[in-house]
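Student: Could you take me through one part of this model closely, the place where the two chains meet? I'd like the overall picture as well as the individual contacts.

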Amino acid sequence: MANEADRPVGRRKFLSDAAAGTAGLVAAPNMKSPEPADRPAREQDQGHQAAPSDVALRVKALESILVEKGMIDPATIDAVIETYESKVGPRNGARVVARAWVDAAYRKRLLADGTAAIGELGYGGAQGEHMVVVENTPAVHNLVVCTLCSCYPWPVLGLPPTWYKSAPYRSRAVIDPRGVLREFGVTLADDVQVRVWDSTAEIRYLVLPERPSGTERMTEEQLAALVTRNAMVGVAKVSAPRGAAA
Amino acid sequence: MNGIHDMGGMHGMGPIEVREDERPFHAEWEGRAWGLIRAAGPFGPARRRNFRYEHEILPPAQYLQMQYYERFIKLLVDRLIAAKLLTQAELDSGRADPASPRFTPRVTPANVAEQLARRRSLRRDDLRIAPRFRVGQGVRARNINPVGHTRLPRYMRGHRGTIVADHGIFDFQDTDAEGYTLPDRAQHVYTVSFSARELWGETANARDTVHAELWEDHLER
């Protein structure tokens with residue numbers, strides 16, 4: 001299959017072209033806009049290039065209205081941001097992976113009941129209610145996607161990165177997982193089985209990557225520092241640090 | 001519904017753009033937006049449509065063009081307007097109508113941590129319903145095209161797979177034609193494994209598989 005990375009068109013340009021091509025379908029947002037809602041669609045499209053500041057203004061206005069009405073406390077918003085910026089994120093998942101690498105009994109529990117074993121390390125809650133951990137081996141490579149939405153295991157990986165939520169990833173991960181992996185720099189031999197997990201229901205997936213060789217002497221904490229978000233979604237492998245004996 | 005959201009297997013969406021070391025929020029407004037959604041979420045209509053359905057019915061061009069948090073904010077605003085908790089005039093002026101009722105925040109700095117951590121399981125461990133399928137059994141994803149929300153992706157419909165796990169009984173998430181939950185439809189949810197060749201034809205690698213969780217109503221023998 002063609003490697004779409006070779007195509008010289010960026011996603012933003014692609015989407016703005018698509019929107020311009022179907023300009024009549026682009027409904028004006030129901031929210032405050034600095035320009036009249038009935039301005040021509042093509043102008044709206046051009047206006048979208050400067051969207052961040054436009055959206056930022058609308059979000060700010062909405063926040064101040066809801067604060068005035070007493071529906072929200074701005075300190076709650078600060079706390080939500082703080083939670084997702086510093087408490088809930090891929091470092092949690094990395095600790096789960098490192099523990100599984102150094103503790104065979106934990107690894108066994110993790111693969112048998114992901115939710116309970118992840119809970120042992122104190123992680124759980126919304127979007128992690130029913131966790132399944134799938135293990136990469138020399139013969140099997142796992143890849144996680146949500147084609148219908150952007151479902152993602154928040155307690156262990158935090159909020160999803162933009163690429164995971166994007167149309168290119170969601171559309172191609174199921175039909176061309178090997179091409180997607182190549183685009184992320186992972187080339188798999190034909191005899192490695194690729195298992196794609198489409199998170200259609202309430203189960204959320206975490207990939208347990210292969211422990212790289214040359215890391216036998218590393219501590220659990222050092223190992224956790226090697227584990228990336230992308231490896232736990234299945235679009236990357238974990239590499240040994242430079243200088244580690246292979 | 002057969003909407004733009006159901007994009008598994010589509011071509012032409014362009015390359016995947018990856019930013020290294022991506023942070024959860026790329027701009028201040030994204031964090032404020034996400035916080036607003038979590039803080040104001042409990043306000044809205046008493047009878048709610050499925051939230052994913054509300055995303056799915058956005059016009060396709062708009063769905064593709066809107067940034068993730070922008071889409072969530074639009075849906076929050078639509079909900080608050082529908083529940084008469086917010087007006088377009090207020091959005092246009094940036095000020096609350098002095099005559100509008102005043103509320104008390106439901107999510108507060110004191111309970112936000114507990115709110116964010118709360119499990120919202122749809123599994124119904126309280127019910128006992130015998131499974132219609134067993135692990136190892138061959139099944140076919142039904143060829144259905146409901147106009148409401150469904151968790152059965154188009155690319156699986158009509159294809160044969162194998163049950164590889166039974167996750168127990170969950171509330172059914174497919175909705176009626178208006179996006180409202182169907183009552184009393186809890187049923188077993190299974191992981192079904194499809195071979196890539198069954199789904200995509202002979203050019204797919206013979207070893208590769210695609211898995212999804214499907215409810216009993218999505219499956220037939």
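Tutor: Here is a walk through the interface, followed by one residue beside it and a few salt bridges.

A word on ground rules: this is a predicted model, where local features need pLDDT of at least 70, side-chain atom pairs count only at pLDDT 80 or more, and totals for chains, interfaces and linings use all residues. Residues are numbered from 1 along each chain as its sequence is written, chains are lettered from A and ligands numbered from 1 in the order in which they are written, and side-chain values use heavy atoms, with hydrogens and water left out.

Start with the totals. Chain A puts 95 residues into the contact and chain B puts in 95, where contact means heavy atoms within 4.5 Å. Between them about 8,700 Å² is buried, with carbon and sulfur atoms giving 61% of that; buried area is the accessible area (1.4 Å probe) that two parts lose on being put together, summed over both. On the chain A side, A:Lys69, A:Met71 and A:Leu148 lose the most area to chain B, together 9% of what that side buries.

Now the polar side of things. The rule finds 39 residue pairs in polar contact across the interface, both residues at pLDDT 80 or more. (A polar contact is a pair of N or O atoms within 3.5 Å; within protein, one must be able to donate a hydrogen and the other to accept it, and residues adjacent in sequence count only if both atoms are side-chain atoms.) Helix H3 (residues 51–68) of chain A supplies the largest share of the chain A side, 12 residues; helices (H or I, at least four residues) and strands (E, at least two) are DSSP runs, numbered from the N terminus.

Strands cross over too. Strand E3 (residues 193–198) of chain A and strand E4 (residues 209–215) of chain B run parallel and are joined by four bridges, and strands pair if DSSP finds at least two bridges between them. One of the partnerships is A:Asp198 with B:Ala212 in E4(B).

B:Ala212 also turns up around B:Thr191, a residue of strand E3 (residues 187–195) of chain B. B:Thr191 counts as buried because its relative accessibility is 3%; buried means under 20% relative accessible area, exposed over 50%, partly exposed in between (1.4 Å probe, protein chains only). Its side chain makes polar contacts with those of B:His167 at 2.6 Å and B:Glu213 at 3.0 Å. From the other chain, A:Trp197 and A:Tyr205 are among the residues that B:Thr191 touches, leaving aside residues up to four places away in sequence.

On to the salt bridges, meaning a side-chain nitrogen of Lys or Arg within 4 Å of a carboxyl oxygen of Asp or Glu. There are 21 over all chains, and seven lie across the interface of chain A and chain B. A:Glu63 and B:Arg32 form a salt bridge at 2.8 Å, N to O. B:Arg151 and A:Glu202 form another, at 3.0 Å. B:Arg151 lies in the loop between strands E1 (138–141) and E2 (160–170) of chain B, and A:Glu202 in the loop between E3 and strand E4 (204–208) of chain A, so the pair joins two chains. B:Arg151 is buried at 4% relative accessibility, and so is A:Glu202 at 14%. Finally, A:Asp54, A:Arg58 and B:Glu70 are linked in a network of salt bridges.
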